[in-house]
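I opened the notebook to record what I looked up in one structure. The entries follow the order in which I consulted it.

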Amino acid sequence: MNCQECVDRLERFVDRELSTSEVEEIKQHLDDCPPCAERYQFETSLKRLVKVCCEQETAPPVLREKLRQILF
């Protein structure tokens, strides 16, 4: 697997939408590639931040619902 293939599947990896074999491929690549591992950390942190922000009442309800539909 090369970096572009990893990046192309990273969102589905974070969302746990890949097969077992695809997960193993991504994990192996992330273990061997610090730039992709850093990108993975960013993606997971961003998703966590958006989730936390959507759970709070500071964002308008319409925005929270749109983000939930897109991200979860």
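The entries below go from the whole chain to single residues.

**Basis.** I worked from a predicted model, in which local features need pLDDT of at least 70, side-chain atom pairs count only at pLDDT 80 or more, and totals for chains, interfaces and linings use all residues. Residues are numbered from 1 along each chain as its sequence is written, and side-chain values use heavy atoms, with hydrogens and water left out.

**Fold.** I looked up the secondary structure and found 4 helices and 0 strands in the chain. Helices (H or I, at least four residues) and strands (E, at least two) are DSSP runs, numbered from the N terminus. Along the sequence the pattern reads α-α-α-α.

**Dimensions.** I noted a radius of gyration of 14 Å for the chain, where a compact globule of 72 residues would have one near 11 Å. That radius is taken over C-alpha atoms, and the globule rule is 2.2 Å times the number of residues to the power 0.38. Along the principal axes, the C-alpha atoms fill a box of roughly 40 × 20 × 15 Å.

**Surface and contacts.** I recorded an exposed area of about 5400 Å² for the chain, with carbon and sulfur atoms supplying 53% of it. Accessible areas come from the Shrake-Rupley method with a 1.4 Å probe; for residues, only the protein chains shown count as cover. Of the 72 residues, 25% count as buried; buried means under 20% relative accessible area, exposed over 50%, and partly exposed in between (1.4 Å probe, protein chains only). I then turned to contacts, meaning heavy atoms within 4.5 Å. Of those between residues at least 6 apart in sequence, 44% join residues at least 24 apart.

**Cysteines.** How many disulfides does the count come to? With a disulfide taken as a pair of cysteine sulfur atoms within 2.5 Å, I found 0 disulfides. The cysteine sulfur closest to that of C3 belongs to C33 and is 3.6 Å away, so the two are too far apart for a bond. C33, in turn, is in no disulfide, and its nearest cysteine sulfur is that of C3. I also compared their exposure: C3 is partly exposed at 37% relative accessibility, whereas C33 is buried at 11%.

**Helix 1 and the loop after it.** R9 lies in helix 1 (residues 3-14). Is R9 buried or exposed? I found R9 buried, at 17% relative accessibility. Leaving aside neighbours within four places in sequence, R9 is in contact with M1, L18, E22, E25 and I26. I next checked R16, which is placed in the loop between helix 1 and helix 2. R16 is exposed at 77% relative accessibility, and has a positive phi of about 60 degrees although it is not a glycine.

**Helix 2.** H29 belongs to helix 2 (residues 20-32) and is buried, with a relative accessible area of 11%. Not counting residues up to four places away in sequence, I listed M1, N2, C3, C6 and C36 as touching H29.

**Helix 3.** I located V50 in helix 3 (residues 34-55), where V50 is buried at a relative accessible area of 18%. Which residues does V50 contact, leaving aside neighbours within four places in sequence? I found L67 and L71. From V50 to Y40 the separation is 10 residues in sequence and 15 Å in space, C-alpha to C-alpha.
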